[in-house]
Amino acid sequence: MFKATAVAPANLAFVKYWGKIDPRINLPCNNSISVNLSEAFTTTTVEFDPSYQNDEVVSVNATEKASTKFSARVSAHLNRIRSIANVSFKARVTTENSFPSGVGIASSASGFAALTLAAIGALGLELSNNQISAIARLGSGSACRSIPDGFVEWIAGKDNDTSYAITLAPPNHWRINIVSVVVSQITKKTSSTDGHSLAPMSPFFEKRLDTIEKRLELVRNSIRDKDFQQFGRELEKEAISMHAIAMTSPIETIDGWISGCYYWLPDTLELMLAAQNWRTNGLNTFFTLDAGPTVHFICQDDDLTNLLSNIDILKNKYPLREWRIMINQPSLGARLIPTK
Ligand code: PMV
């Protein structure tokens, strides 16, 4: 009876969320802009039942260790939704990703967006999209951007109720391709949660925040006008700006002190430099990077074949390179689907 299924996409940020004003409620220091990804999504079914003794989470893709940690986060998130509905029923949650973990696309955004919508649907709560997005944010910050459709802006807001994401343009507004090149599947040393908390340690953090309003405006306008050159330049500069903060945020780790966190690997840098050459030779592509070594290239349809063959040439330079490539286009946000 209290059962619903939701599907939600992962998203890729063009203007990054890096640094939190209040980590307890994932309140970000700045607005961010992203796009939902068509091929990377999570499907989650939530069934509340008064007879269940405990929450049970079946995560089809997770390893055993990840499952235990994930289950605790899922229960904590369900508690938030239970308290809104004023119920105490435990739930059975089944969740499956369309994409493997370790491909450089975080499943926490799609996972917490799908969980939020399925739980809200199962309990029959009548909430606005902004409210659903704000609740998803509590599970994982960037999950709030996986609720609305297409090209999305997360309004940083001032408190719990005013921090949520809205659609800037629907997915069919602009057909761009996001080609993600996964150069390594080794787990990164510094999680994005740690990266957020270390960001203000960088001497350049305030400067980044001073310039972010202008960048948000340029990215917003370039999406509206489908101005690929301005869009690409801004998103590439933005990725480097975020990484400059990470690289200049010193950390005391269990292995000792390090002067900053490098998410790049040599292959990452090779791809970034290659993009500069490709552009000189007429290939219209720009890249962005999240808190990991995966390089996400953006291009329009006319350049896709050329981009893929250039990536292939680099990949085949060394026979042992096990790069994985994923191609996405803009997609809808989270939605309820019929429950099996
Ligand atoms: O939502 P989190 O805590 O995984 O942080 C996401 C951080 C970045 O992916 C690097 C940037 C972003 O805006 O998605």
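## Helices H7 and H8 and the sheet beside H8

Thr288 has His296 in E13 as its bridge partner, a pairing described here from a predicted model. The two strands E12 and E13 (residues 295–299) are joined in the antiparallel sense over 4 bridges.

These strands belong to an open sheet of 4 strands, arranged in the order E12-E13-E9-E14 with antiparallel pairing. Strand E12 (285–288) and strand E14 (324–328) are the edge strands, each of them pairing on one side only, and from one strand to the next the twist averages 25°. Helix H8 packs on this sheet, where it touches strand E9 (177–182) as well as E12, E13 and E14, and the direction of H8 makes about 10° with that of E9.

H8 also packs with a second helix, H7, at an angle of about 135°, and the axes of the two helices lie 11 Å apart. Because angles from 115 to 145 degrees are neither roughly perpendicular nor roughly antiparallel, such a pair is counted as oblique, and H7 and H8 are therefore oblique to each other. Their crossing is right-handed.

The residues that meet across this helix pair are listed by helix below.

| Helix | Residue range | Residues in the contact |
|---|---|---|
| H7 | residues 266–280 | Glu270, Leu271, Ala274 and Trp278 |
| H8 | residues 301–315 | Leu307, Asn310, Ile311 and Leu314 |

Sorted by class, the contact of H7 with H8 comprises 6 nonpolar, 1 polar and 1 charged residues.

Definitions and conventions:
Residues numbered from 1 in each chain as written. Predicted model: local features only at pLDDT ≥ 70, side-chain atom pairs only at ≥ 80, totals over all residues. Heavy atoms only, no water. Axes fitted to C-alpha atoms, helices over the stretch in contact; angles between N-to-C directions. Parallel < 35°, antiparallel > 145°, perpendicular 65-115°, else oblique. Left-handed = near helix turned anticlockwise from the far one by under 90°. Contact = heavy atoms within 4.5 Å. Nonpolar A, V, L, I, M, F, W, Y, C, P; charged D, E, K, R; others polar. Pairing = 2+ DSSP bridges.
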